[in-house]
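Student: I have a model open here and would like to go through its salt bridges and its interior with you. Can we start with the charged pairs?

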Amino acid sequence: MATMKSLIGLINKIQRACTVLGDHGGEGMSLWEALPTVAVVGGQSSGKSSVLESVVGRDFLPRGSGIVTRRPLVLQLHKTEEGTTEYAEFLHAPRKKFTDFAAVRKEIEDETDRMTGKSKAISNIPIQLSIYSPNVVNLTLIDLPGLTKVAVEGQPESIVADIENMVRSYVEKPNCIILAISPANQDIATSDAIKLAKEVDPTGERTFGVATKLDIMDKGTDCLDVLEGRAYRLQHPWVGIVNRSQADINKRVDMIAARRKEREYFETSPEYGHLASRMGSEYLAKLLSQHLETVIRQKIPSIVALINKSIDEINAELDRIGRPIAVDSGAQLYTILELCRAFDRVFKEHLDGGRPGGDRIYGVFDHQLPAALKKLPFDRHLSTKNVQKVVSEADGYQPHLIAPEQGYRRLIDGSISYFKGPAEATVDAVHFVLKELVRKSISETEELKRFPTLASDIAAAANEALERFRDESRKTVLRLVDMESSYLTVEFFRKLHLEPEKEKPNPKNAPQPNADIYSDSHFRKIGSNVSAYINMVCDTLRISLPKAVVYCQVREAKRSLLNFFYAQVGRKEKEKLGAMLDEDPQLMERRGTLAKRLELYKQARDDIDAVAWK
């Protein structure tokens, strides 16, 4: 079986590699989330920093009032041989070794400010710190911002919820061990850490309780009910911690001396003496390390399964984004045509309903066109006053005898001309939808993401073809409108009874103009008849215009969107074909990242196989 040092050290190594490659999030469970970690949770002023420093044996964390920890701190402890020099390394400064732990504190503060500024804001981007020392056990701890109940001056109102959400994002993970810090001089029922731990780990199997500040409890009181599990029972034993006093901190009392003083306190305490072997920061560190090693051993099968699954997914993505392409012109031409066909498939799926977007064309026909037709100003054009004017002008010097045919034709021609606007607007609206579908199809064609130049060429060729289809569609719909004017439906008018109603002229008055010899009801009747005919034409165009637009634009886009482009590509020389297949630098970078991640997973699998079953 693997030793504790090698197994936890291996997990530390994999966690560092995951952080370097950014593999600690995304869809599903990442390798980072699958690896067991210990998250340190507590309210502000709960003694959280003192516990961590006691475990490390060094005074290295920022201190102060309010929110001091404003970014998660991933703290990896590596036990070294006795007599070796202690030092620390930050992931963001890998070439620099810190032997002065006051400088470590300063670097944590500076790196926090680099991300959050000098404000009191928080960030969920972690700082990663490794400490190598003979005075630590192999362990990974995540120090999280202290839970708070109110925002103070300089903090946003959302700070309380922001911190809780950040802490939850760590402790909700099933592989996270929760180190819940609660001050012993406060009622355990009010502990923020225990309250949160109970919500995310109701059985208590992932939670370790730590009671701090035992030495400053009120006289006559003790914390035995908590430490012996009567006040709040967990599956793991509670551990009591004696923090350094503020005087010790001010005097910079050595942490090793502080540990010794803590041991003496428990050994000589009348209340806690019988628990002395299970109290103190040294015991807590060993307890956590042993438990972490046990959990890691239990999780190895699931970790290896996740690694194998991730390796398969990375290989699949590398296949999808493509391997390096061949250099001969025949292979390049074949690649270009295959990429064009891939785009064409996506575009047709949008039109035919496999992907969203094509339904917007139906929306143009079913909503936009009828709405535009409804808004046409027929009421104004066929008003009694305008009908009288048009008919009078059409009659000239000779009043019509039976029906004002020329007046009818002029009124009908004028009305039908209004249909040209909605007809052209329908063409343009469908053209806009098709252009948008081309854009979406380009972005959704995974194979094209490697080649931005080719994607741009295909988009330009497709849009150029859509312009040709739009021009042809515009001509066609305008012809449909003109045809309605060029030949009127005679049967419609034969069914109308158009006996003019003449008013008897007043003999006492002087003769009136020709139009004035007809009553308003006569002109209203003419307007009504023309309106009825125009409504019939409108119903016809409401059906025929979409047919024409689909035939000229949608149908042609499905059949021959890239035909002209295919002919052009076939005539290009090798150099120009190569230029079209110029890869996207971001995708090349993505391929490189995937290759590194694939190497990480394979190495992690080999390392686990080599260490876990010794």
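Tutor: Yes, and one pair to begin with is arginine 230 and aspartate 225, whose side chains meet in a salt bridge at 2.8 Å, N to O; a salt bridge here is a side-chain nitrogen of Lys or Arg within 4 Å of a carboxyl oxygen of Asp or Glu. This is a predicted model, in which local features need pLDDT of at least 70 and side-chain atom pairs count only at pLDDT 80 or more, while totals for chains, interfaces and linings use all residues. Residues are numbered from 1 along each chain as its sequence is written, and side-chain values use heavy atoms, with hydrogens and water left out.

Student: How many salt bridges does that rule give?

Tutor: The count comes to 35 salt bridges.

Student: And what does aspartate 428 pair with?

Tutor: Aspartate 428 forms a salt bridge with arginine 474, with the closest N and O atoms 2.9 Å apart. Aspartate 428 lies in helix α16 (residues 420-444) and arginine 474 in helix α17 (residues 452-486), so the pair ties together parts that are 46 residues apart in sequence; helices are DSSP runs of H or I with at least four residues, strands are runs of E with at least two, and both are numbered from the N terminus.

Student: Which residues join them in one network?

Tutor: Through shared partners, salt bridges join Glu424, Asp428, Glu467, Arg470, Asp471 and Arg474 into one network.

Student: Switching to arginine 71, is it buried or exposed?

Tutor: Arginine 71 counts as buried, because its relative accessibility is 4%, where buried means under 20% relative accessible area, exposed over 50%, and partly exposed in between (1.4 Å probe, protein chains only). Arginine 71 sits in the loop between α3 (48-56) and β2 (73-79), and a polar atom of its side chain lies 2.8 Å from the backbone oxygen of glutamate 111.

Student: Now the nonpolar interior: which residues touch the most other members of the largest core?

Tutor: In that core of 68 residues, they are Phe343, Phe347, Phe419, Leu454, Ile458, Leu561 and Phe565, a nonpolar core being a set of buried Ala, Val, Leu, Ile, Met, Phe, Trp, Tyr and Cys residues joined through side-chain atoms within 4.5 Å. Helix α19 (residues 520-560) gives the most to this core, with 13 residues. There is also a second, separate core of 60 residues, which includes Leu10, Leu35, Leu75 and Ile296.

Student: Last one, how many disulfides are there?

Tutor: The structure holds zero disulfides, taking a disulfide as a pair of cysteine sulfur atoms within 2.5 Å.

Conventions. A polar contact is a pair of N or O atoms within 3.5 Å; within protein, one must be able to donate a hydrogen and the other to accept it, and residues adjacent in sequence count only if both atoms are side-chain atoms.
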